[in-house]
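Trainee: I should like a close look at a single part of this protein, namely the charged side chains and how they pair. Please set that part in the context of the whole chain.

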Amino acid sequence: LAYALDHPERIRSLVIFNTFLWSLQGDRAFEMPNRLFNNRFGRWLYLRGNFSARMIVRSAWGKHRPLTPAVHRQYIQALPDPTARMGTWSFMQSLLGESEWYESLWARREHIGSNPTLILWGMKDIAFKDKELARWVQLFPHVQVVRYPQAGHFVPDEAGEEAAAEVRAFLAA
């Protein structure tokens, strides 16, 4: 989305899954994990224990389609060592640590607000819920929303072909 804001002339439409584009400062749902994991122990969990892939993926997965051991293994194996896991650790830190940057993005939201937009939203996401979806819907006057009542954070994996069909139909239109 930062790219879309920097180059709005190159963007015809947007497809958004459970995410955000604004500061999460003051949001208790994000401040608690920040306090729990933004320390030496949290760093150890992320870098040595592969916490993001092992635990967060499991807890953020909905019930639309089961998280099979084979699929979960793909997430775990994608981050085989501490160097590969640095991105997940950095992202956790940035949720609140980069609040000014996120606010600067949100301040420019009008650059993409007129784009036709498809939002595919997992309603069982542990992080991004109805209030975040409502904020997105307010931004886009030409928005199409597909809610997946039993999907969590990983809509493309959980809804698979259903979500892909929605994206293909949207882009074809």
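Mentor: Arg168 has a relative accessibility of 47%, so it counts as partly exposed. Its salt-bridge partner is Glu161, and the closest N and O atoms of this pair are 2.1 Å apart. Glu161 is likewise partly exposed, because its relative accessible area is 49%. The model is a predicted one, and the distances quoted here are computed from it. Side chains of opposite charge can pair when their charged atoms come close.

Other salt bridges share partners, and in this way Asp27, Lys131 and Glu132 are joined into one network. Within that network, Lys131 pairs with Asp27, with 2.6 Å between the closest N and O atoms. This bridge connects distant parts of the chain, for its two residues are 104 residues apart in sequence. Lys131 belongs to helix H8, which covers residues 130-139, whereas Asp27 lies in the loop between strand E1 (14-17) and helix H2 (28-37). Asp27 has a relative accessibility of 16%; a residue under 20% is classed as buried, and Asp27 therefore falls in that class.

Lys131 also forms a salt bridge with Glu132, where the closest N and O atoms are 2.5 Å apart. The relative accessible area of Glu132 is 2%, so Glu132 is buried. Thus the two acidic partners of Lys131 are Asp27 and Glu132. In the chain as a whole, the salt bridges number four.

These pairs are drawn from a wider set of charges. The protein chain carries 21 positive and 17 negative side chains, and the centres of the two sets are separated by 7 Å.

The loop that follows H8 also deserves attention. Pro141 sits in that loop, between H8 and strand E3 (143-148). With a relative accessible area of 62%, Pro141 is exposed. Computed along the sequence, Pro141 is 133 residues from Pro8, while their C-alpha atoms are 16 Å apart in space.

A further loop residue is Asn50, which is located between helix H3 (40-47) and helix H4 (51-60). Its phi is near 55 degrees, a positive value in a residue other than glycine. Most residues other than glycine have a negative phi. Asn50 has a relative accessibility of 1% and so counts as buried.

The overall architecture places these details in context. The protein chain contains nine helices and three strands, arranged along the sequence in the pattern α-β-α-α-α-α-α-α-β-α-β-α. Its radius of gyration is 17 Å, close to the 16 Å that the globule rule gives for 173 residues, so the chain is as compact as a globular protein of that length. Along the principal axes, the C-alpha atoms fill a box of roughly 45 × 35 × 25 Å.

Turning to packing and surface, buried residues account for 40% of the 173 residues. Of the contacts between residues at least 6 apart in sequence, 75% join residues at least 24 apart. The bridge between Lys131 and Asp27 likewise links distant parts of the chain. The protein chain exposes about 9,800 Å², and carbon and sulfur atoms supply 56% of that area.

Methods: Residues numbered from 1 in each chain as written. Predicted model: local features only at pLDDT ≥ 70, side-chain atom pairs only at ≥ 80, totals over all residues. Heavy atoms only, no water. Helix = DSSP H or I, 4+ residues; strand = E, 2+ residues; numbered from the N terminus. Rg over C-alpha atoms; globule rule 2.2 N^0.38 Å. Buried < 20%, exposed > 50% of the residue type's maximum accessible area, 1.4 Å probe, protein only. Contact = heavy atoms within 4.5 Å. Areas by Shrake-Rupley, 256 points an atom, 1.4 Å probe, with all protein chains shown as cover. Lys, Arg positive; Asp, Glu negative; His and termini not counted. Charge placed at Lys NZ, Arg CZ, Asp CG, Glu CD. Salt bridge = Lys/Arg side-chain N within 4 Å of Asp/Glu carboxyl O.
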